[in-house]
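Hi everyone, thanks for making the time this morning. I'd like to walk you through one structure, so let me put it on the screen.

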Amino acid sequence: MSLTVLAIDDSRTIREMLNAALSEAGFLVHLAVDGQDGLDKLGETAPDVVITDINMPKLDGFGFIKGARARQDYCAVPILVLTTESAADLKARARDAGATGWIVKPFDEMRLISAIQRVAGLRAAG
Amino acid sequence: MSGAPDIRTTFFQECDELLEALNDGLTSVQDQASGADADPEVMPAIFRAVHSIKGGAGAFGLNALVRFAHAFETVLDHLRSDRLSPTPELATLLFRAGDKLTDLVTAARDGQDDPDDPAAKALMGELAAASGAPPESDEDEAGGDEDFGFVPMGLPVNLPGSSPTRYRIAFSPSRRLYANGHDPLVLFEALGALGPLEVAVETGRLPDLGTLEPDENYIDWRLTLETEQGLDAIEEVFEFVEGLAEIEICAEDDLPEEEPDGGTDDGTDDGQDGGGEDTAKVDDAPPAAQPATPVPPAAAPAQPAAASPAARPPASAAAPAAPASAPPASATIRVDLERVDGLINAVGELVIHQAMIAQKLTEAGVAWNSDIGAGFDVFRNLTSEIQERVMAIRAQPIKPLFQRMARIVREAAAISGKTAQLRTEGEGTEVDKTVIERLAEPLTHILRNAVDHGLENAETRVAAGKKPTGLISLSATYRSGRVVIEVADDGAGINRERVRSIAVERGLIDPAAELSEGEIDKLLFMPGFSTASEVSDLSGRGVGMDVVKRAIQQIGGRISIHSAAGKGTTLSISLPLTLAVLDGILIELCGETMVIPITAVIETLRPQPGDIHAIGPEQSVVKVRDTVVPVVDLGQVFGLSGKSSGEILLLVETENRDRYALAVDAIRDQSQVVIKGLEGNYRHVAGISAATILGDGRIALIIDPEEAVSQAVPPPLAAAAAAAAAAATASSQPQAALSSVR
């Protein structure tokens, strides 16, 4: 069974890129447009891994992670932060919020997939 | 990743939306700079817009765009976090930056991403100065391709194929490991993929059961891995647990003999000498991290859980961030324009066939109050509803166009040294996409004109008791099935004396001619007319209002001008909502039914015998009130057999304001027809713009009066004819207009 990924980004371009790259790699991809949308879609999509942008309207990536971590069923889901941020404290902030790992934009497909596999383990291999 | 072409299209579409949001936001910032209340949503939204453009641009390797967006974003970030406050000067700078960003996006779309654009560089310098930073050097390319968060380890790389090395790994995660979604098992699986792995558990940290938090980690692991992969492969596995764990990785072979104090190898050697110690401590407290400095095994950390109990992650303590209300994700889908046009075409067919059925029903004598008649009535209503709704798909809000005009006004004002403000209204008004696209150029010209010729300079304005800043308003409204766009300035109004004298000077009008104010204003639309004494840099460009008028007419529009001395000038453009249907007059011509656009016809005449005067074997004229108008036999133009009876004359005006009377046999009807391209299916026919299908299934050609006239009469001859006829026909008058269509 293929792994389900929920990708959250307010940029349609990035969403389409993630969708294309991940679908091609055999993941089942769901998309959300901001942190709030992501939280709302957690239940229905039941992702194995979440990829989220940081800077988003309504609810940003940090807010999403905290919201997800506060939920019993998603407190342990791997969440990767997708960001162009160059700020040195970003990783620390993301980690403090409960992020599992990070992917720096612009990402290449290999790194993206390897990052997912790294947090999802062998489940991601198939 | 390199974006696929369709994602590239998405990117540029999204850029347009983001630039629109940016412009909206900047308008608010400008208001804020001049004292309006701050909207807390505005700055984050502006920042996100530029940030998203940067993000997408990075994915496509558009480095010039990335760099500029980064410099722009930095200032916005300062504004967002209140490190800067908006001033009118800063607002102006941001607008200029927004304009430049728009240019760079456009350039990138056209395949030009020039990192050395001097204007962009200069503006980046200004932005950097505004954000209080030194201008970025070329090398300092934040947001570019590099991975900012990752500090290269500078450690030896054991290429696969070299002999396996045994590594001892001390993995001591902090208690919050699980709270971040990490699973040690996953890490071990990944290590296991590198080579044989032994795992030992240390439970020394386990507390009493009473104080144990079941969702936290108290276990340390001691791992032994034999792998041909290098240290970097192992470190990659642990990358994401940096800061959440103490990790010691030692190559076993090197363990014993080396000095215990870290003097061995700095770890930047290539490791091929065999004596290097492949050891590193990965303890990433980000800002102070020194991962490039290896720590020898003996210097094992005294504090096994660095980020431990005291620092509980906010995640476990934080309250749920947001209620799970359901915000509708943007309820739009994007559809290929071709599909929409296909649909519009199909609906056009539907409308045509419905008209055919209606005709058949009438011929068959079906009563409209019968079941079939009533059913057909419902069908007809539904068809027209579908048609309207389908047309609405192509309709777009005029807002992006208006936003572009704001920029035109800013630039025009800057060049002409005037201050001007654009106020827009009715931005939500929706117009056919093609109409909007083709409106851009004429509207640009009109607005440049309004600033350049319409508005006075500040001193003159103040002397006239006006505010120094000129106001131009741009509005769009629906009016009787059309969209009316008005451009109004509060300038001095048209100087009619001057317009008149110029027109006389250029031989456009007779010096003795008596013209009403409205007629004088219309002179502005005559070819080559320009009121500026010298062609200015701005609105000159060799283009006059005549070109504007023609462009508007080409999209089925009409333009008119009104002016009040001292108060300003208003230009009104009336546009069709769609280019798919046309209001036409159905005429009979030598047994053929043809359509002429209703907008082209000034009036229809029914001449009495004797009103028409032949001035040669092929030429004739008709006198319409005080003017003499050449008659054009359309039957002859289109090579139809026979001559049109000329019982009805349609008075049309060309772009040069020359009038012609088109002779036809009869007017059959006035109706809306579906436009069918002729050129795609057949070829261009002179004098014909398109075709349509009538209710009885016959094809009717739609006449392009301008071209038809040019086919008929060589202009000099026509003029001579008219002049000759003017002398000949002193008094005869045709019967007054049958009906005024316009």
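**A walk through the model**

Let's begin with one glutamine, B:Q387, which sits in helix α10 of chain B, the helix spanning residues 371-394. Before going further, please keep in mind that this is a predicted model. Is B:Q387 buried or exposed? Its relative accessible area is 12%, and since buried means under 20%, B:Q387 counts as buried. And which residues does B:Q387 touch, once we set aside those up to four places away in sequence? They are B:V347, B:V351, B:V581 and B:V674.

Now let me zoom out to chain B as a whole. Chain B contains 19 helices and 23 strands. It has 742 residues, and 44% of them count as buried. For those of you who think in contact maps, take the contacts in chain B between residues at least 6 apart in sequence: 70% of these join residues at least 24 apart.

Next, the helices around α4 of chain B. Start with α3(B), residues 63-80, and α4(B), residues 88-109: their axes come within 10 Å and cross at roughly 155 degrees. Angles over 145 degrees count as roughly antiparallel, so that is how α3(B) and α4(B) run with respect to each other. The crossing of α3(B) past α4(B) is left-handed. If you'd like to click on the residues in this contact, the α3(B) side includes B:F68, B:F72 and B:L76, and the α4(B) side includes B:L94, B:L101 and B:V105. Sorted by type, the contact has 15 nonpolar residues, 1 polar and 1 charged.

Helix α4(B) also meets α1(B), which covers residues 5-33. Here too the axes come within 10 Å, and the crossing angle is roughly 170 degrees. That makes α1(B) and α4(B) roughly antiparallel as well. Among the residues of α1(B) in this contact are B:R8, B:F12, B:D16 and B:L19, while B:F95, B:T102 and B:R109 are among those in α4(B). This contact divides into 14 nonpolar, 5 polar and 3 charged residues. You may recognise some α4(B) names from a moment ago: B:L94, B:G98, B:L101, B:V105 and B:A108 meet α3(B), and those five are also listed in the contact with α1(B).

A quick stop at another helix, α7(B), residues 231-238. How many of its residues are buried? The count is 6 of 8, so helix α7(B) is mostly covered. The buried ones are B:L231, B:A233, B:I234, B:E235, B:V237 and B:F238, and yes, there is a glutamate in that list.

On to a sheet in chain B. Six strands make up an open sheet, ordered β15-β19-β20-β18-β17-β16, with mixed pairing. Why do β15(B) and β16(B) each have one side without a neighbour in the sheet? Each stands at an edge and has a single partner strand, so nothing in the sheet flanks its other side. From one strand to the next, the twist averages 35 degrees.

Within this sheet, take β17(B), residues 620-624, and β18(B), residues 627-633. They pair in the antiparallel sense over 4 bridges, and B:V622 stands opposite B:V629 of β18(B). Across β18, β19 and β20 of chain B lies helix α18(B), residues 705-712, running at about 90 degrees to β20(B).

Let's pick one residue in β20 of chain B, namely B:A661. Its relative accessibility is 0%, so B:A661 counts as buried. Beyond its neighbours within four places in sequence, B:A661 is in contact with residues including B:V622, B:V629, B:V631 and B:L650. B:A661 is 59 residues from B:I602 in sequence, with 10.0 Å between their C-alpha atoms.

Finally, two backbone spots for anyone who likes checking Ramachandran plots. In chain A, A:A46 is not a glycine, yet has a positive phi of about 40 degrees. A:A46 is placed in the loop between α2 and β3 of chain A, and at 41% relative accessibility it is partly exposed. In chain B, the phi of B:C590 is near 50 degrees, again positive in a residue other than glycine. B:C590 is found in the loop that joins β13 and β14 of chain B.

That's my tour, and I'm happy to take questions.

Terms used: Residues numbered from 1 in each chain as written. Chains lettered and ligands numbered in written order. Predicted model: local features only at pLDDT ≥ 70, side-chain atom pairs only at ≥ 80, totals over all residues. Heavy atoms only, no water. Buried < 20%, exposed > 50% of the residue type's maximum accessible area, 1.4 Å probe, protein only. Contact = heavy atoms within 4.5 Å. Axes fitted to C-alpha atoms, helices over the stretch in contact; angles between N-to-C directions. Parallel < 35°, antiparallel > 145°, perpendicular 65-115°, else oblique. Left-handed = near helix turned anticlockwise from the far one by under 90°. Nonpolar A, V, L, I, M, F, W, Y, C, P; charged D, E, K, R; others polar. Pairing = 2+ DSSP bridges.
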